Amino acid sequence: MTTDASKDDSGKQLTIRILWGMAIGIGVGVFLNFITTQVLAEGGQTLISDWLTNGIFQFVGRAFVNLLQVIVIPLVLVSLISGTAAMEDIAKVGRIGLKTLLLYLFTTALAISFAMGAALLLQPGAGFPIDDTVAFTAKEAPPLVQVFINIIPKNVFNAMASGNMLPIIVFAVLIGLSITMAGEAGKRVLGFVNDLNAVVMKLVWIVMQLAPYGVFALIARTFANEGFSAFLPLLKYFLLVIAVLIFHAAVTYPTILKLL
């Protein structure tokens, strides 16, 4: 039987492997950038670029990102249905559901505000070489009423396809409530959902075991294309993200726990 201590050890080992993947990726990427810009002739440069940098590295990195994206919605949907249906008191579910939604919106707004404020103040991407020929036009923000209307799903499959999480959360809570109210039929469905939840969690575990390789490929490709000049801007961005996450975890959540 797997213990909590073994799970913690496994998580620490995975973190160490991911950090090693980052470090090795930086080294490999800088080395490839050096030999393609300073050593190899045009034919060798093309070979490394086509087969390694924009071939194997791009495939492995993009495949890992796609896997991360594909597990998010099944994870949220199944775990929320399972958790909601496990509460037998409908009134309790309603109260908890409303509080959860409000807390989600509040903490998300705080997280976005901290991130934008820190980014505007420190500008972590300054100095990073980018293609300035790409044009981007931001969408006009919808009215506040429309934002709340969009929370109510009219097509859950479309919400899943577009990665729109709030309608998926509402749909999952409604399904969980329906399972609770359906009696014996609901209990049979809940058993299936719990089994499906265990399968999805195992899928998450499988994808996370690939994280060191995906991180290595993404980092190696970036440094192979940009060279060591990408290191300081990326390091600044990385440290800023960590700092904001630590602040959010160490200040925002304890404050909410203290007040509420």
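**Figure 1. Asparagine 197 is in contact with Val78, Ser79 and Ser82, leaving aside its neighbours within four places in sequence.** Contact means heavy atoms within 4.5 Å. The view is taken from a predicted model, in which local features need pLDDT of at least 70 and side-chain atom pairs count only at pLDDT 80 or more, while totals for chains, interfaces and linings use all residues. Residues are numbered from 1 along each chain as its sequence is written, and side-chain values use heavy atoms, with hydrogens and water left out. Asparagine 197 belongs to helix 7; helices (H or I, at least four residues) and strands (E, at least two) are DSSP runs numbered from the N terminus. Because its relative accessibility is 18%, asparagine 197 counts as buried (buried is under 20% relative accessible area, exposed over 50%, partly exposed in between; 1.4 Å probe, protein chains only).

**Figure 2. Valine 193, also set in helix 7, is shown with its contacts.** A relative accessible area of 8% places valine 193 among the buried residues. With neighbours up to four places away in sequence set aside, the contacts of valine 193 are Val78, Ile81, Ser82 and Ile179. Serine 79 is 114 residues from valine 193 in sequence, and their C-alpha atoms are 8.5 Å apart.

**Figure 3. Helix 7 is presented along its length, from residue 184 to residue 209.** Its 26 residues reach 38 Å from the first C-alpha to the last, close to the expected 38 Å; the expected span of a helix is 1.5 Å times one less than its number of residues. The buried positions of helix 7 are Gly186, Leu190, Val193, Asn197, Val200, Val204, Val207 and Gln209.

**Figure 4. Helix 7 and helix 8 (residues 211-226) cross at roughly 40°, their axes coming within 5 Å.** On the helix 7 side the contact is made by Val207, Met208 and Gln209, and on the helix 8 side by Ala211, Pro212 and Tyr213. The two helices are therefore oblique to each other. Axes are lines fitted to C-alpha atoms, for helices over the stretch in contact, with angles running from 0 to 180 degrees between N-to-C directions. Angles under 35 degrees count as roughly parallel, over 145 as roughly antiparallel, 65 to 115 as roughly perpendicular and the rest as oblique.

**Figure 5. Helix 8 is shown together with the residue that follows it, glycine 227.** The 16 residues of helix 8 reach 22 Å between the first and last C-alpha, close to the 22 Å expected. Buried in helix 8 are Ala211, Pro212, Gly214, Val215, Ala217, Ile219, Ala220, Phe223 and Ala224. Glycine 227 has a positive phi, near 80°.

**Figure 6. Glycine 25 of helix 1 (residues 4-39) is seen with the residues that it touches.** Not counting residues up to four places away in sequence, glycine 25 touches Phe216, Ile219 and Ala220. Its C-alpha atom is separated by 5.2 Å from that of isoleucine 219, although the two residues lie 194 residues apart along the chain. With 0% relative accessibility, glycine 25 counts as buried.

**Figure 7. Methionine 22, another residue placed in helix 1, is shown with its contacts.** Val215, Ile219 and Phe238 are touched by methionine 22, again not counting residues up to four places away in sequence. Methionine 22 and leucine 218 are 196 residues apart in sequence, with a C-alpha to C-alpha distance of 8.7 Å. Methionine 22 is partly exposed, its relative accessible area being 22%.

**Figure 8. Helix 9 has a kink of about 30° centred on histidine 248.** The bend at a residue is the angle between axes fitted to the seven residues ending there and the seven starting there. Helix 9 comprises residues 231-259; at 1.5 Å a residue its 29 residues should span 42 Å, which agrees with the 41 Å between its end C-alpha atoms. His248 is itself one of the buried residues of helix 9, the others being Pro233, Leu240, Val244, Thr252 and Ile256.

**Figure 9. The setting of the close-up views is a protein of nine helices and zero strands.** Of its 260 residues, 25% count as buried. Among contacts between residues at least 6 apart in sequence, 82% join residues at least 24 apart. The accessible surface comes to about 17600 Å², of which 71% belongs to carbon and sulfur atoms. Accessible areas come from the Shrake-Rupley method with a 1.4 Å probe; for residues, only the protein chains shown count as cover.
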